[in-house]
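Dear colleague,

Please find below the structure I am handing over to you. My findings follow directly after it.

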Amino acid sequence: MPVLYLCIIALIAAVDQALKYLVVIYVRPVGTVTAVPYLLDLVYAENRGVAFGLFQDARWFFIIVTVAVIVLFGVLLVRYRDRSRMFCIACSLIVGGGIGNLIDRIFRGFVIDYLQLSFFPPVCNFADYCITAGSVVLVIYLLFFYKDKKERSL
C-alpha cells in the first residue's frame with residue numbers, strides 16, 4: 001500500500017512540473033490564454049512569496065518550511081498508513097503538491113503560477129490545488145472519520 005501513495009506523490013509532482021514546463025513554453029510568451037471563457041484563464045505569474053503573493057522574497061525560509069511540512073506529512077503517511085485510505089490520500093496530495101512547488105523554489109527561485117478562475121482572482125497552480133484538496137480532505141477526515149485506537153477497542 002505505501003508504494004501506491006509514493007506513486008501518487010511522484011505523479012502529482014511530475015504532472016505539476018510538466019504543466020509548468022508547458023506554461024513556460026506556451027503561455028509566458030503571450031501572457032494570458034483564455035482556456036474556458038468567463039471561467040478559466042491561463043496566466044503566467046512568478047510567485048516569490050506564498051499564497052496570494054504574501055511575504056515576497058523569503059525564498060530560503062519557504063524552502064525550509066516546505067521541507068519541514070513535507071517531512072512531517074511523509075512521516076505521518078509512513079507511521080499511520082494503516083489509519084485509513086482517506087488519511088493517506090490527503091497526506092499524499094499535500095506532500096506531492098509541496099514537492100512540486102519546492103522544486104520551483106529551489107531551481108527557479110520562485111513558483112510558477114498559471115491558473116486563474118474568474119470567481120477567484122489569485123493565480124495558482126496544480127500543486128497549490130493538490131495541497132488545498134489534501135488539506136480539505138484531511139480536515140474532513142479528522143472532524144468526521146478519525147477514531148482513536150482506544151475508542152475502536154471499546
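I begin with Cys-124, which counts as buried because its relative accessible area is 12%, under the 20% cut-off. Please note that the model is a predicted one. Cys-124 belongs to strand β4. Apart from neighbours within four places in sequence, Cys-124 is in contact with Asp-113, Tyr-114, Leu-115 and Tyr-129. Its C-alpha atom is 9.0 Å from that of Asn-47, although 77 residues separate the two in sequence.

The next residue to consider is Asn-125, located in the loop that joins β4 (120–124) to α4 (126–145). Asn-125 has a relative accessibility of 0% and is therefore classed as buried. A polar atom of the Asn-125 side chain lies 2.8 Å from the backbone nitrogen of Asp-128. If residues up to four places away in sequence are set aside, Asn-125 touches Asp-16, Lys-20, Asn-101, Val-111, Ile-112, Asp-113, Tyr-114 and Leu-115. Asp-113, Tyr-114 and Leu-115 thus appear among the contacts of Asn-125 and also among those of Cys-124.

Helix α4 also contains Val-139. With a relative accessible area of 46%, Val-139 is partly exposed, since that class lies between 20% and 50%. Val-139 is part of a nonpolar surface patch, together with Val-136, Ile-140, Leu-143, Phe-144 and Phe-145. The accessible area of this patch is about 600 Å² in total. As a general point, an α-helix has 3.6 residues a turn, so residues three or four places apart point the same way.

Helix α3 covers residues 85–107. Its 23 residues, at 1.5 Å a residue, should span 33 Å, and the end C-alpha atoms are 33 Å apart, so the two values agree. At the N-terminal end, α3 is capped by Ser-84, with a side-chain oxygen 3.3 Å from the backbone nitrogen of Met-86. Gly-109 follows α3 and has a positive phi, near 90°.

Turning to the protein as a whole, there are 5 helices and 4 strands, arranged along the sequence as α-β-β-α-α-β-β-α-α. The chain has 154 residues, of which 34% count as buried. Among contacts with a separation of 6 or more, 66% are between residues 24 or more positions apart. The accessible surface comes to about 9300 Å², and carbon and sulfur atoms contribute 72% of this area.

With kind regards

Methods: Residues are numbered from 1 along each chain as its sequence is written. This is a predicted model: local features need pLDDT of at least 70, side-chain atom pairs count only at pLDDT 80 or more; totals for chains, interfaces and linings use all residues. Side-chain values use heavy atoms; hydrogens and water are left out. Helices (H or I, at least four residues) and strands (E, at least two) are DSSP runs, numbered from the N terminus. Buried means under 20% relative accessible area, exposed over 50%, partly exposed in between (1.4 Å probe, protein chains only). Contact means heavy atoms within 4.5 Å. Accessible areas come from the Shrake-Rupley method with a 1.4 Å probe; for residues, only the protein chains shown count as cover. A polar contact is a pair of N or O atoms within 3.5 Å; within protein, one must be able to donate a hydrogen and the other to accept it, and residues adjacent in sequence count only if both atoms are side-chain atoms. Patches are made of residues with over 30% relative accessible area and no salt bridge: like charges are joined within 9 Å, nonpolar side chains (Val, Leu, Ile, Met, Phe, Trp, Tyr) within 5 Å. A salt bridge is a side-chain nitrogen of Lys or Arg within 4 Å of a carboxyl oxygen of Asp or Glu. The expected span of a helix is 1.5 Å times one less than its number of residues.
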